[in-house]
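Open the model in your viewer and keep the sequence panel beside it. We will go from stop to stop, selecting a few residues each time.

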Amino acid sequence: MSKSPVRAPSTLSPSRASDFKTCPLMYRFRAIDRLPEPTTPAQMKGTLVHAVLERLYDFSAVDRTAKRATSLLEPEWDRLRQRSPEAESLFDDGEAERRWLAEAAVLVESYFTVEDPTRLAPAERECLIEAKLDNGIRMRGFIDRLDIAPGGQIRVVDYKTGSSPKPAFQAQALFQLKFYALALWRTRGVVPTVLRLLYLKDGQVLDYSPDEGELRRLERTVTALWRAIDQAVATGDFKPRKGPLCGWCAYREYCPEFGGTPPPYPLPIALDGMPLS
């Protein structure tokens, strides 16, 4: 079977934008080379908890209890294992899997300390948002939950299974939701009233209210970032950027900062150094 042709990225998600800002070479490995990245128990736990919280809102308000939510863990885990070969081989023994499920249950129960789901009526869950900016950039991403008030006010909600960030890192944490806010503003004409991050590990809530001026500035930032990505794609020049997260990077064996060699660049190089798109 012939290998599918490699294509330059045509959309920008908040995850890939964050990748490029953190380390351009990591962006290349993920978005262009698409090198395999092993799924960790922590990542799969986040996927499972998100699935349970999405499923919880299928029930009537009175049935949205912590007991009901934790009862969904094993059925949702079975569903994930059926869809993902990686999930099936994640644990060596049943005891490790039971401990992992117990940790997921603690996170699900923590959700009920930060919100009362019996008082909410989400408009959309796991919502795909796509927007094309005036400069042609296509934004794309999935929002965990959208709450829309009768007056049209929008709250963007994202579940996080880790701990809340220190104040110095809150702006970085909010970048993803600001990205969604820009896409929503450009597609629906409404600036979200609240961006809400729910941190389940320590039961904290981070709320932020953007304004139109801030989203205009973010649009300029996104435009500049995409130009930098476009130039890197055209030239193949994705420089590694060493930082505190390198210890958790799945691509260290390919990284020159750690004695590795990246695979051959899979896209043609523009001879004049200009972007190919």
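**First stop: a loop residue**

Select threonine 193, which is placed in the loop between α8 and β4 (194–199); helices (H or I, at least four residues) and strands (E, at least two) are DSSP runs, numbered from the N terminus. At 37% relative accessibility, threonine 193 counts as partly exposed; the scale calls residues buried under 20% relative accessible area, exposed over 50% and partly exposed in between, with a 1.4 Å probe and protein chains only. Now add proline 24 to the selection: threonine 193 and proline 24 are 169 residues apart in sequence, and their C-alpha atoms are 32 Å apart in space.

Before moving on, a word on the model. It is predicted, with local features needing pLDDT of at least 70 and side-chain atom pairs counting only at pLDDT 80 or more, while totals for chains, interfaces and linings use all residues. Residues are numbered from 1 along each chain as its sequence is written, and side-chain values use heavy atoms, leaving out hydrogens and water.

**Second stop: helix α8**

Next, select residues 170–188, which make up helix α8. This helix has 19 residues and reaches 26 Å from its first C-alpha to its last, close to the 27 Å expected at 1.5 Å a residue; the expected span is 1.5 Å times one less than the number of residues. Where does α8 bend? Look at glutamine 176, where the bend is about 40°, taken as the angle between axes fitted to the seven residues ending there and the seven starting there.

Colour the buried residues of α8, among them Leu174, Phe175, Gln176, Leu177 and Trp185. Lys178 is also on the buried list, and lysine 178 lies over the face of tyrosine 208, at 4.7 Å from the ring centre. A charge sits over a ring if NZ of Lys or CZ of Arg is within 6 Å of the ring centre and within 35 degrees of the ring normal. For another example, select lysine 242, which lies over the face of phenylalanine 258 at 5.1 Å from the ring centre. Back at the helix, α8 is followed by glycine 189, whose phi is positive, near 75°.

**Third stop: three strands and two hairpins**

Show residues 124–132 (strand β1) and 138–148 (strand β2) as cartoon: they pair in the antiparallel sense over eight bridges. Two strands pair if DSSP finds at least two bridges between them. Isoleucine 129 has glycine 141 in β2 as its bridge partner. The two strands form a hairpin with five residues between them, and glycine 136 in the turn has a positive phi of about 95°.

Add residues 154–160, strand β3, which runs antiparallel to β2 and is joined to it by four bridges. Here leucine 146 stands opposite valine 156 in β3. This hairpin, too, has five residues between its strands β2 and β3, and glycine 152 in the turn has a positive phi of about 95°.

**Fourth stop: positive phi outside glycine**

Most residues other than glycine have a negative phi. Pick glutamate 126 in strand β1: its phi is near 45°, a positive value in a residue other than glycine. Glutamate 126 is partly exposed, with a relative accessible area of 39%.

Then jump to arginine 34 in the loop between α2 and α3 (41–56). Arginine 34 has a positive phi of about 50° although it is not a glycine, and at 63% relative accessibility it counts as exposed.

**Fifth stop: aspartate 116**

Select aspartate 116 in the loop between α7 (94–114) and β1; at 36% relative accessibility this residue counts as partly exposed. A polar contact of 2.6 Å joins the side chains of aspartate 116 and threonine 118. Such a contact is a pair of N or O atoms within 3.5 Å; within protein, one must be able to donate a hydrogen and the other to accept it, and residues adjacent in sequence count only if both atoms are side-chain atoms.

**Last stop: an aromatic cluster**

Show Phe20, Tyr27, Phe238 and Tyr265 as sticks: ring pairs link them into a cluster. Rings of Phe, Tyr and Trp (its six-membered ring) pair if their centres lie within 6.5 Å; planes under 30 degrees apart count as stacked, over 60 as edge-to-face and the rest as tilted. The whole structure has 11 aromatic pairs. One of them is the stacked pair of tyrosine 27 and phenylalanine 238, with 6.2 Å centre to centre and 15° between the planes.
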